[in-house]
Amino acid sequence: MRRLWRAIRRSPSGLVGIVLVGVFIFTAIAAPLLAPMDPVAIDLANRLGAPTWTVEGPGAHPLGADQLGRDILSRIIWGSRITLVVAITAVVMSGALGVLLGLLAGFLGGWTERVIMRLADVQLSIPLMLFALLIIGALGPSLFNLIIVLALTGWTRFARIVRGETLSLREREFVMSVRAAGATGLRIMLRHILPNVMTAAIVVATLEVARVVILESALSFLGMGLQPPEASWGRMLAEGRDYIASAWWLATFPGVAILLVVLGVNLFGDWLRDYFDPKLQENR
Amino acid sequence: MSGYFAGRLLESLVAILGVLTIVFIAARLTGDPAVLLLPISATDADIARMRQELGLDRPLLEQYLAFLADVLRGDFGVSFEHHRPAMQVVLERLPATFELAGVALLIGAAVGIAAGLVAALARGTVLELIAMGVALIGQATPIFWLGIVLILVFAVELQWLPAGGRGGLDHIILPAITLATFTTASIARLLRSSMIEVLKEDYIRTAWAKGLVPRIVYLRHAARNALIPVITMIGILAGELFSGAVVTETIFSWPGVGRVVVQAIETKDFAVVQAGVTVISVIFIGFNLLVDLLYGLVDPRIRIAS
């Protein structure tokens, strides 16, 4: 615990990352308490109302109102829930798949390894966004399909890292000794190798969250993600694009929200990697 | 040597076959093409006849082989929307995408290398802090949002540049900057850290000891070696560029492959989606093959290791 605290204090950028991620998660959990208004309440009298935030106070719509008079701040706060749920579900799914395949590839070797790593190569041969469009185009846009796409595009990174770690662990003394003691392959894999590859997998998972947030908002922006009236940040941006000349606040604030979350997750992920794996740390 | 080349070539061919398989499976997931093609009033007999005509009643393996044979001839079927072969629709748009991605890659390489070197050489100064701060934010900025903000500032407010379309030199500035941002930031960050590592090497100390001037040490001895990881990353960045091009083209109404694929999804014109995904992926695979081959020529360690 003390080592953790020291590591946080030594890295200002890591601290920024932790704070941003913390605020994001807190906002998502406490959305009903934090949001000043109902995010889907339509108020046509207040269409495209300008931000009311001045030195005197926040006013009724601190960040303005959208084309249906809905409060933008409340929509951003509720939208953080969707972003968080989609990101975590997708990363957990791709992580589980990737760790499993990486373990099998590294531990069994031979044909299993060749097939799995070749599959990863094929997956990486299709630029991400085009793969997403292909699958969404085939299955149709929905929250479920979006998560499937995000999970399918993410497993390769986990598999590659976990395979590499497994290959080196397989030859270590402690694995040799449990093998000599008569442990089965499955038991060695799950009880002795899996716990040791988890730190690497967690670091990859953190950095994957950033990628998923960007891709999810990009797909929602293209109309391939969540369908209205849900308040998703990418969707809000897409709708705001039509009012860019008259009401800049519609598209600007959701974009800032995405930027801050991705920046925070990236900084946190970099810090986590340095913390768990001092070998990778830069000498300062 | 030739073994390394042959191996990489074979891997690329397997990757292309894999991409085609995914495209084939995706096409089957869209539902029954016979039902989609016929009016709602069609009877079961009509559907059965249509299925027979399209070859959908034959075994899946046979359909797959027929699909591969068509693709080898460049035939992805006819676009419902454009009433022309889907492949033709995609190939027409390819130059626009190349132009955009090429200019963005040039901007990214030039600005990214400059910023990375400055940050590495100005360690501990405000200059490094600014360069790396901007790069971090650049990596976190969603490009569709950046595109909108650039349009708002430079096209709507200042009215310096057009907001979209393809035309003269002024049309490409905003989309190219939008697309280049992520590449620039990634190159700058990677080059900075690899430059810092290289500057600790013994051969740099030797170069200093020989009394060489800083310009020679930094550029000829250090930067050359620090650029190797950057070159390796260009293959990955090409994929990011093609992905980003889809979004950038949509925002700026740039008539490229990405935009035509997005439009094709909206109109359920799946032949164009298949052709677009395949063409871009094959180019991407070819590009990576080229990078690896050049890399093998430059770096003898790779040839020997294989």
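# A tour of two chains and their contacts

Start with chain B: its domain assignment gives domain 1, residues 2-87, and domain 2, residues 90-305. Colour these two ranges separately before you go on. Keep in mind that this is a predicted model.

**Stop 1: the two domains of chain B**

With both ranges coloured, place a centroid on the C-alpha atoms of each; the centres of domain 1 of chain B and domain 2 of chain B are 34 Å apart. Now select the residues where the two meet. On one side you should have 24 residues of domain 1 of chain B, and on the other 25 residues of domain 2 of chain B. Together the two domains of chain B bury about 2100 Å² between them, with carbon and sulfur atoms giving 70% of that area.

Next, show the charged side chains here. Between domain 1 of chain B and domain 2 of chain B there are 2 salt bridges. For a salt bridge to zoom in on, pick B:Asp292 and B:Arg8, whose side chains pair with an N to O distance of 2.7 Å. If you draw polar contacts as well, look for 6 residue pairs across this domain interface, both partners being at pLDDT 80 or more.

Which helices supply at least two residues each to the side of domain 1 of chain B that touches domain 2 of chain B? Select helix H1 (2-29) and helix H5 (86-121) of chain B to see them. H1(B) gives the most to that side, with 12 residues. Colour this side of domain 1 of chain B by residue class and you get 16 nonpolar, 5 polar and 3 charged residues.

**Stop 2: where chain A touches chain B**

Now bring chain A into view and select the contact between the chains. Your selection should hold 38 residues from chain A and 43 residues from chain B. The area that chain A and chain B bury between them is about 3800 Å², and 77% of it lies on carbon and sulfur atoms. Highlight A:Leu130, A:Leu134 and A:Leu259: these supply 15% of the area that chain A buries against chain B, more than any other three residues.

How many salt bridges cross the interface of chain A and chain B? There is 1, and you can find it by selecting A:Asp270 and B:Arg189, with N to O at 3.2 Å. Between the two chains you can also draw 5 residue pairs in polar contact, both residues at pLDDT 80 or more.

Switch to cartoon for chain A. The elements that each give two or more residues to its side of this contact are helices H5 (110-125), H6 (128-139), H9 (185-221), H10 (233-241) and H11 (249-276) of chain A. The largest share, 10 residues, comes from H11(A). By class, the side of chain A that touches chain B divides into 28 nonpolar, 6 polar and 4 charged residues.

**Stop 3: chain A as a whole**

Hide chain B and zoom out. Chain A has 11 helices and 0 strands. Its C-alpha trace spans about 75 × 50 × 30 Å along the principal axes. Colour chain A by accessibility and you will find that 51% of its 284 residues count as buried. Among contacts in chain A with a separation of 6 or more, 72% are between residues 24 or more positions apart.

**Stop 4: salt bridges inside the chains**

Over all chains, the whole structure holds 15 salt bridges. One of them pairs A:Arg163 with A:Glu113, the closest N and O atoms being 2.6 Å apart. This pair links distant parts of the chain, with A:Arg163 in helix H7 (143-170) of chain A and A:Glu113 in helix H5 of chain A, 50 residues apart. A:Arg163 is partly exposed at 24% relative accessibility, while A:Glu113 is buried at 16%.

Then select A:Asp121 and A:Arg160, another salt bridge, at 2.6 Å from N to O. A:Asp121 sits in helix H5 of chain A and A:Arg160 in helix H7 of chain A, so this pair ties together parts 39 residues apart in sequence. A:Asp121 is partly exposed at 24%, and A:Arg160 is partly exposed at 39%. Add A:Arg118 to your selection: A:Arg118, A:Asp121 and A:Arg160 are linked in a network of salt bridges.

For the last stop, show chain B again and select B:Arg123 and B:Glu128, a salt bridge whose closest N and O atoms are 3.9 Å apart. Is B:Glu128 buried or exposed? B:Glu128 counts as buried, at 11% relative accessibility, whereas B:Arg123 is partly exposed, at 36%.

Technical notes. Residues numbered from 1 in each chain as written. Chains lettered and ligands numbered in written order. Heavy atoms only, no water. Contact = heavy atoms within 4.5 Å. Buried area = accessible area lost by both parts, 1.4 Å probe. Salt bridge = Lys/Arg side-chain N within 4 Å of Asp/Glu carboxyl O. Polar contact = N/O pair within 3.5 Å; in protein donor to acceptor, adjacent residues only side chain to side chain. Helix = DSSP H or I, 4+ residues; strand = E, 2+ residues; numbered from the N terminus. Nonpolar A, V, L, I, M, F, W, Y, C, P; charged D, E, K, R; others polar. Domains from an automatic or database assignment. Buried < 20%, exposed > 50% of the residue type's maximum accessible area, 1.4 Å probe, protein only.
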